[in-house]
Amino acid sequence: MHSPKPADLLESARTALRDGERARADTLFAALLDADPQSFEALTQLGQSAFAAGRLDAALDLLGRAQRLRPADAHACKNLGAALRAAGNNEAAVDLLREAVRLDPNFFVARLLYAAACEDLGRTQTALCAYYGALNTAQRQGRWLNNATTAPLLRPLVTHAMHTVDAGRGAFYDNALAPLRERFGAQALSRVEKALAIYLGSLPADYPDPRQKPSFLYFPDIPSQPWFERSLFPWYEEFESRAPAIRRELDAVLDDEAAFAAFLKARPEMDMEEYLSNARGPARWDGYFFYDHGERFEENCRRCPETAAALDRLPLVRLPAHAPECLFSKLTAGSHIRPHRGVTNTRLVTHLPLIVPGNGALRVGGEDHVWQQGRCITFDDTYLHEAWNFSDHTRVVLLFDVWNPHMTEAEVAACSQLVLAISGFNREAMLGAPMQETGEP
C-alpha cells in the first residue's frame with residue numbers, strides 16, 4: 001500500500017483545519033512532517049498546537065525550525081518570539097518580535113507581544129511606546145476598538161495596553177514640558193497644556209471655525225482664520241524687496257529638471273490622483289528645495305545664495321527632522337492640487353509668487369485668492385485648501401512655513417519641545433512622524 005503524497009497530506013490537513021478538526025489536522029501535519037521534514041506549514045501548525053497545549057520545549061523546537069527556514073517571515077518570527085517569551089527567554093523574544101514588526105509594520109499582534117516582552121524586562125518606556133504603536137496600528141485597521149473587534153485571547157493584554165498608554169503617555173509629554181514650565185511659568189504655557197489635552201483626547205477641540213481641522217495638533221484660543229493680514233508680518237516688506245533677485249535665481253535654475261523633485265513623496269498606500277490631477281496630461285507639482293523637513297539642501301542654497309540668505313532671515317519654523325519646508329514650488333500648466341489639510345495651526349504657510357501666468361488661484365476655507373507677483377500671502381493650511389494652474393504656462397511660488405504670529409515666545413518654545421517629544425515617542429513606537437505629513441501648495 002502506497003503512502004500518501006506530501007501534497008495530498010497537506011491538502012487533507014488544511015481541510016481538517018478549515019472544518020475545525022484540530023486533532024485530525026495535527027495527525028495529518030505530523031505525517032506530512034515525517035514525509036517532508038522541511039515543511040514550513042507542518043512545522044508552524046504543529047508548533048502552534050504544542051504552544052497552545054503548554055508543551056513549550058516541543059513548541060520551541062518546531063517553531064524554531066520553521067523560523068530558520070524562513071527568517072524573513074514576520075509570522076514565523078512572531079510565533080517563535082511568543083514561545084520564547086512564554087519560556088521566560090525575553091531577551092531573545094524581544095529581538096524576534098521587533099524583527100517581526102520590522103518585516104511587517106502593520107502586524108499589530110507582533111507589536112503587542114513585543115511591548116509585553118519589553119515590559120517583562122522592565123523596559124517600561126519602550127513598552128509604553130510599543131503598546132501605543134500596537135494599539136494605533138490595530139485601530140487604524142478597525143481592530144481592538146471594542147470586544148467585538150478584539151480576539152478573546154488577546155483582550156486581557158489589549159486592555160492592559162490601553163491602561164498603560166492612558167496613564168503613561170500624558171505623563172511622558174508632561175515631563176517633556178517641565179523645563180519650559182520652569183523657565184516661563186505655568187500660566188505662560190496654559191494654551192500649550194490645553195493643546196496637549198486635545199491631542200491626547202481628554203479635551204474636545206471645539207474648533208471656533210468648523211472649516212478648520214488640523215490632522216495632527218490643534219493650538220486653541222488663538223484667532224482661527226484662513227488668511228492672515230499683512231500687518232501681522234513686519235518682515236513682509238523687506239522680504240518682498242528681494243523678489244527681483246530671487247526671481248533671477250529662479251530663472252537660472254528653472255529649466256534644470258534634475259534640480260526639482262516631486263513635492264508629494266509617493267507611498268504605496270497613497271493614490272496620487274487623490275492629490276493631483278491634470279485634464280491635459282501628466283500632473284506635475286515639483287519643488288526646488290532649500291529645506292525639506294528641516295534638512296538644508298546645501299547645493300541648492302549655494303546656487304541661489306540671495307534666496308537662501310533671504311529665507312534664513314525669516315522666523316521660519318525650525319524643528320530637527322520636521323521643519324522648515326522651503327522651496328520654489330512649481331505647478332505645471334493644467335495641474336490641480338486637490339483639496340487637502342495640513343497638520344497644525346501652530347505654523348502657517350507663506351507664498352511669495354514669482355511666476356504668475358494667470359488663470360490660477362489658491363482656495364483656502366472656500367475663499368479664493370489670485371496670486372500677485374512679488375506680493376506675499378500667508379494662510380492656515382489646516383483649512384481645506386487647493387490650488388490650480390489652468391493657464392498654458394508654469395506657475396512658481398517661493399513657499400515656506402513660519403510660526404503663527406498669535407503665539408508667544410514661550411508657546412513657540414513649548415510647542416517645539418512638545419512636537420519633538422511626540423515625534424520621539426512615535427519613533428520609539430515604530431510609527432511615522434506626524435509633522436512630516438505635509439501638503440501645502
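Two worked exercises follow, one on a helix pair and one on a sheet.

The model is predicted: local features need pLDDT of at least 70, side-chain atom pairs count only at pLDDT 80 or more, and totals for chains, interfaces and linings use all residues. Residues are numbered from 1 along each chain as its sequence is written, and side-chain values use heavy atoms, with hydrogens and water left out.

**Exercise 1.** Describe how helix 12 and helix 14 cross.

Solution.
- Helices (H or I, at least four residues) and strands (E, at least two) are DSSP runs, numbered from the N terminus.
- Take helix 12 (residues 243–253) and helix 14 (residues 305–312): their axes come within 8 Å and cross at roughly 135°.
- Axes are lines fitted to C-alpha atoms, for helices over the stretch in contact; angles run from 0 to 180 degrees between N-to-C directions.
- Classify: under 35 degrees is roughly parallel, over 145 roughly antiparallel, 65 to 115 roughly perpendicular, the rest oblique.
- Helix 12 and helix 14 are therefore oblique to each other.
- Now list the contact (heavy atoms within 4.5 Å). Helix 12 supplies Ala245, Ile246 and Glu249; helix 14 supplies Pro305, Glu306, Thr307 and Ala310.

**Exercise 2.** Lay out the open sheet of five strands.

Solution.
- The strand order is 2-6-11-8-9, with antiparallel pairing. Two strands pair if DSSP finds at least two bridges between them.
- Find the edges: strand 2 (276–278) and strand 9 (367–369) each pair on one side only.
- The twist averages 20° from one strand to the next.
- Inspect one pair: three bridges join strand 2 to strand 6 (residues 335–340), and the two run antiparallel.
- Asn278 stands opposite Ser335 in strand 6.
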